Amino acid sequence: MKNWTLQKKWTYSSAISIFLSFLTMCVILYFSLFNWMLISEKKIAQNTLNEVVQFLQSKGPFITIQDISRNRTLLNQIVNQKQSIRLLNKDGIELLRINDASNFPEYSKESSTEFQRDVINNQLVYHKVEELNFGTFSGFVEISHSLESFSELMNYILIAMLIFAVISLLISALIGYSLSSILLKPIKELRGEMQRAKQHKFSEKVNFHYSSNDELGELLIIYKELMNEVSKTIKRQDEFIYNVSHELRTPIQVVEGHLSLLNRWGKDDRHVLDESLKISLEEIQKMKRLMEEMLKLARREHAEETFQTSILEVALFLQKEYKLIHPKVAISMEINPDYFVTIQPTALQQIFRNLIDNSIKYNENDPIITITVTRNDKNMIITLVDNGIGISGHQFTQIFERFYTVDEARTKSKGGSGLGLSIVNMLVKEYKGNIDVESELGKGTTFRVYLPYSTGK
Ligand code: ADP
């Protein structure tokens, strides 16, 4: 039982319960029919007996047994074909028998004056003895009423009921099976979906065909919502891991560059040693902040915080950094020192870094990058123009998608993974801003970042 499927349990229990109720009904019906028919058989026998007695008594005070023997044809008409009647004298000796259809028991003084059901010579009969006085005769009259046809009928009914019971068992099993299939369908669907979710590590969208508004329908909806929530959380975690690894690459490169500088020259040059250690420490601090910021982003926690970040300060900081790691890159700026935006400084650095990195990576000339900032009634507009290879128009929206790369081979050779712009897009959206792009193949690309400005300063 423990290892039975729900469907098997359901089929068996419904089949057994339908069968048992049918069987109970049959048993009650059979016994009621049995009693009712037995009573009516008894009535028939009693009627015959009464008619015989009445007939004999109506023949006047002088009639003898011999007279009756001669007139037995009349009596034969009263007694039916499955009955026998006999007249006995006071000592129980049989004097006359009418019809020989049914057997009599041995007469004894204790013979019952009530109807008795007995098997006599393999024949089931009802029999009864009554005192009889007519004319000069004084003795007994006995009737034997055969119950053979009654028992044949009852056997027939019993067999018919058993056949019906077996058929009902089969039908109820079939009904139970199909009913359980219908009712268990959504549960099976749910099980399939759960297995699919397990196999695909929650990445697949949950899909159900069951659309009724019953308890099972509600259960499936709850499961669907739950699974969507789980897959969103997992997706967010994955995003976080990808983003962190992407964002840590530049600072690690900087630290790596300085350490190899130290390795080659810095051991004896106190100035290089100090400078490199200072920059490496700064980069490590930056990585720490970056991690914290990414964590906050992953938890979507910073929404309430307000920042006043100077665009010029961030841009100057990066200009210095790039001069060190990419001396050939020319970054020029035109930024009003009074322009502030509402964004975490490390987030603004991340945005700049990803855009500048791309301008350097996707460029076949010596990179020239120009950063300018203007404002409209709501936002600061940071514009970054480069002289790179450009992007064709139909890819303007796709480049902001996760893992999208224009030319896979080229991107890979440049160390790209298709994440940089999706991170920029995510950051900008998180801080209620926007980003768009304009580009011409072979000429260069312009990115515009719109960020709400801070009115605090
Ligand atoms: P990655 O992190 O690999 O650089 P991104 O999401 O930053 O990926 O960029 C997506 C694609 O957009 C890149 O594969 C590249 O082809 C294209 N792209 C991005 N910025 C520029 C740019 N300034 N000039 C030309 N192509 C660019």
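In this predicted model, five strands form an open sheet in the order β7-β9-β10-β12-β11, with mixed pairing; strands are DSSP runs of E of at least two residues, helices are runs of H or I of at least four, and both are numbered from the N terminus. Two strands count as paired if DSSP finds at least two bridges between them. Because β7 (330–334) and β11 (434–440) each have a single partner strand, they stand at the edges, and one side of each is left without a neighbour in the sheet. From one strand to the next, the twist averages 15°. Residue numbers start from 1 along each chain as its sequence is written. As the model is predicted, local features need pLDDT of at least 70 and side-chain atom pairs count only at pLDDT 80 or more, while totals for chains, interfaces and linings use all residues; side-chain values use heavy atoms, with hydrogens and water left out.

At one edge, β7 pairs with β9 (residues 368–375) in the parallel sense over 5 bridges. Within this pairing, Ser-332 has Thr-370 of β9 as its bridge partner.

Two helices lie across the sheet strands. Helix α7 (residues 311–325) lies across β7, β9 and β10 (379–386) and runs at about 165° to β7. Helix α10 (residues 420–430) lies across β11 and β12 (444–452), at about 140° to β11. Here, axes are lines fitted to C-alpha atoms, for helices over the stretch in contact, and angles run from 0 to 180 degrees between N-to-C directions; contact means heavy atoms within 4.5 Å.

Turning to the interior, the largest nonpolar core holds 42 residues, and Ile-311, Phe-352, Ile-356, Ile-371, Ile-382 and Phe-447 have the most contacts inside it. Such a core is a set of buried Ala, Val, Leu, Ile, Met, Phe, Trp, Tyr and Cys residues joined through side-chain atoms within 4.5 Å, where buried means under 20% relative accessible area, exposed over 50% and partly exposed in between (1.4 Å probe, protein chains only). At least two core residues come from each of α7, α8 (345–361), β9, β10, α10, β11 and β12. The largest share, 7 residues, is supplied by α8. Not counting residues up to four places away in sequence, Ile-311 touches, among others, Ile-335, Leu-348, Phe-352, Val-373 and Ile-382. A second, separate core of 34 residues includes Met-37, Ile-63, Ile-85 and Phe-137.

Finally, Ser-102 sits in the loop between β2 (94–98) and β3 (116–120). With a relative accessible area of 0%, Ser-102 is buried.
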